[in-house]
Amino acid sequence: MSALKNPRNIGTLALLVIIAAAPLAFGDENYIMRVITTGLCAAIAVYGMNIILGFTGQLSLAQGGFFGIGAYTVGLLTTDYDWSFWSAFALAVIGTAVVGYLSGLIALRTRDEYFAIFTMAIGFIIYLTISRWEAVTHAHSGVNNVKFPEAGDLIDFSDPTAMFYLVFVILLVCVYITYAIRRSGVGRTLLTIRTSEDLADAIGVKVGLSKQLAFAASAVFGGIGGGLYASVVGFIGPDAASVDKTFEFLMFILVGGMGTVAGPLIGSMIVTFLFEFFQDFQAYRFIVLGPIIIALVIFAPRGIVGYLGGFVDRRNRRRRIAETRSTDEARGAAEPMETTTSEETK
Amino acid sequence: MTLFIQQLFNGLALGGVYCLAAIGLTLVFGVLRIPNLAHGALYMLGAYVTYFFLATLGVPYLAAIGIAALVLFVVGVGLERLVFHPLRNSPHTHHMIAAVGAMFFFQSLAQVIWGADFRRMDTPITGSLHILGAEISAQRIVIIITAVVVLALLTWFIKRSIHGQTIEAIEQDRTGAALVGINPSMVSMLTLGLSALLATIAAGLVSPINLLSPTMGDALNLKVFAIIILGGLGSLPGAIIGGFALAIAETMTSTYISSAVGEAVAFIVLVAVLAIRPTGLFTKAVQR
């Protein structure tokens, strides 16, 4: 149970408990519940971004595209083709996995700038396909009346609270996966790549394969988030796949903290509510948010959780230093004195 | 054959525009070692500023482009000072994120000032020329001539003038250039200003043919990145050859296959190049 002693894990757990309790506070207010639930959907996609950007250190600008693929797979299949939500959702996950894996085949060969440019191209192409292929995606008219998940007579997912808990449970899985990755050898492999690709290669890390899998995993998370988003919101347009979405995710992860377990969730929640706050100034919001993101990257690149983590580390270090000092004193001051005298006699 | 010549000239005109836009991007990459993802937004802003001087203030067409280019030069310098300079020692993902932030800032700025609707820029250059039976609009001829003149001036500037040569020196070796007394910060500012200036000339030239919108830079962004990856990041001749090659491929496939394929050409080129040689076709191996 030593994992529970780590202040980081305690913080993450506390955060999850607070969010789980949200329906108790806002259960009657459907609007706020909906905002929170869409924020959680975005958080799932941001956890995907965390794997590729936070752990592996590669900027993927295709996350909005994968989010869009997930949303449109669920949206189109449940309306035009009358599939059930669950089968459409499963296909959305498989679909993004396949697209992510295939584009990863080329992405794994590229690095740094080239990786970012390549993923930007992928994201843009996905957006173009969705916004232009009118016969299938209805282009700018979007998709209406996306189905809620079915659960027989057990649970009624048209109830915002039920939908909230569904998304929340899936989010929990994503948080756990992130936590597990961070603790495991996989996480250390990815962190090595982030530190230095050449070094990782030299010590026998399979850089290409790791990057490809990380990219595919991030795509799947994006697809899951998008699929749920379509069902939560009920209406989707090409905006769901746009570069703006990627930018929003970037903002979420930056505010929360890259490469941390709780960061994406904190960032998503805070910024989602900020967005709601700015909603009346839809056109103006990027005028404020663009400079904010630049300022964040320049002055606070570690994000909220990064800084809290740094605080915890510093405190631990101080405590460790204090402990070693007190043990030194307990051993008696004679020992260090002796060494100096022996040196002098030499 | 007439159609072919017609499309060839269209391709050349488009190529001139792509070259001007891509050269700025490749210069910035050579000097600052960053892909400026906000380049398309600078191009868009350049188009709108040209439009402002031309349509709102009634400045003559070519003068409007010139003034707008100077305005954007200042914007580029400001972008370097405020965004990229503070990030010069950060991990490479950070300045790309900041560039995306700048891109969204410029887009929404244009949207607030000029609205989200498409706008049309009227040019005083009308009429057309008959060359080998094909009818070429005078605007396209102006684009081709201006592009060639600007490219020649730029080559002279970089190869012959003292300020241009500092750009090349920094590209070759930042530390070494600093040792012989070149100020890297000044050169970075100059380069970003120059790239914004070139993008504005490109945008001002092509705007009368296309329409203006706050998102017009997005499609161009993808294309210029495809061009400089094809030509090699940081390579000037590569950007010129790549620009014309992509533009001609684009117009020809749009004419003879379908417009959808024409739009996808840039993406296909990008994927193909990265699949064959992940570091670009003409780049030398770089040790980091």
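Colleague: How many helices and strands does chain B have?
Modeller: Bear in mind that this is a predicted model, where local features need pLDDT of at least 70 and side-chain atom pairs count only at pLDDT 80 or more, while totals for chains, interfaces and linings use all residues. Residues are numbered from 1 along each chain as its sequence is written, and chains are lettered from A and ligands numbered from 1 in the order in which they are written. Helices (H or I, at least four residues) and strands (E, at least two) are DSSP runs, numbered from the N terminus. Chain B runs α-α-α-α-β-β-α-α-α-α-α-α-α from its N terminus, and the count is 11 helices and two strands.

Colleague: What radius of gyration does chain B have?
Modeller: The C-alpha trace of chain B spans about 60 × 45 × 35 Å along its principal axes. The globule rule, over C-alpha atoms, is 2.2 Å times the number of residues to the power 0.38. For 288 residues a compact globule would come out near 19 Å, and chain B agrees, with 19 Å.

Colleague: What share of the residues in chain B is buried?
Modeller: A residue is buried with 20 or more other C-beta atoms within 10 Å of its own, exposed with 12 or fewer and partly exposed in between, the C-beta atoms being placed from the backbone. Chain B has 288 residues, and the buried share of them is 52%.

Colleague: Where do β1 and β2 of chain B pair, and over how many bridges?
Modeller: Strands pair if DSSP finds at least two bridges between them. One partnership joins Leu129(B) to Ile136(B) in β2(B). The hairpin has two residues between the strands, and Leu132(B) takes a positive phi near 50° there. Residues 128-131 (β1) and 134-137 (β2) run antiparallel, and the pairing covers four bridges.

Colleague: Is Arg33(B) buried, exposed or partly exposed?
Modeller: Arg33(B) sits in the loop between α1 (2-32) and α2 (39-56) of chain B. Its phi is positive, near 60°, and it isn't a glycine. With 18 other C-beta atoms within 10 Å, Arg33(B) counts as partly exposed.

Colleague: Which element of chain B gives the most to the side that touches chain A?
Modeller: Contact here means C-beta atoms, placed from the backbone, within 7 Å. The contact takes 34 residues from chain B and 31 from chain A. On the chain B side, the elements giving two or more residues are α4 (92-114), α9 (216-231) and α11 (259-276). The one that gives the most, with 16 residues, is α4(B).

Colleague: And how many nonpolar residues are on that side of chain B?
Modeller: Ala, Val, Leu, Ile, Met, Phe, Trp, Tyr, Cys and Pro count as nonpolar, Asp, Glu, Lys and Arg as charged, and the others, Gly among them, as polar. That side of chain B has nine polar and two charged residues, and the nonpolar ones number 23.

Colleague: Over to chain A: how far apart are the C-alpha centres of domain 1 and domain 2?
Modeller: Chain A has 16 helices and zero strands, and its C-alpha trace spans about 95 × 50 × 40 Å along the principal axes. An automatic or database domain assignment sets the bounds, giving domain 1 (2-288) and domain 2 (302-346) of chain A. The C-alpha centres of the two domains are separated by 43 Å.

Colleague: How many residues does domain 2 of chain A give to its contact with domain 1 of chain A?
Modeller: Domain 1 of chain A puts in 13 residues, and domain 2 of chain A puts in eight.
On the domain 1 side, α1 (7-20), α12 (243-256) and α13 (263-277) of chain A each supply at least two residues. So to the number you asked for, by the contact count for domain 2 of chain A: eight residues.

Colleague: What span should α8 of chain A have?
Modeller: Among the buried residues of α8(A) are Phe164(A), Leu171(A) and Ile181(A), and their cover includes α3 (30-55) and α11 (207-233) of chain A. The expected span is 1.5 Å times one less than the number of residues. α8(A) covers residues 160-183, 24 in number, and its end C-alpha atoms agree with the expected 34 Å.

Colleague: How far is Gly223(A) from Gly64(A) in space, C-alpha to C-alpha?
Modeller: Gly223(A) lies in helix α11 of chain A and counts as buried, with 32 C-beta neighbours inside 10 Å. Beyond four places in sequence, its contacts include Phe66(A), Ile69(A) and Val93(A). Gly64(A) is 159 residues away in sequence, yet the distance in space is 9.4 Å.

Methods: Contact = placed C-beta atoms within 7 Å.
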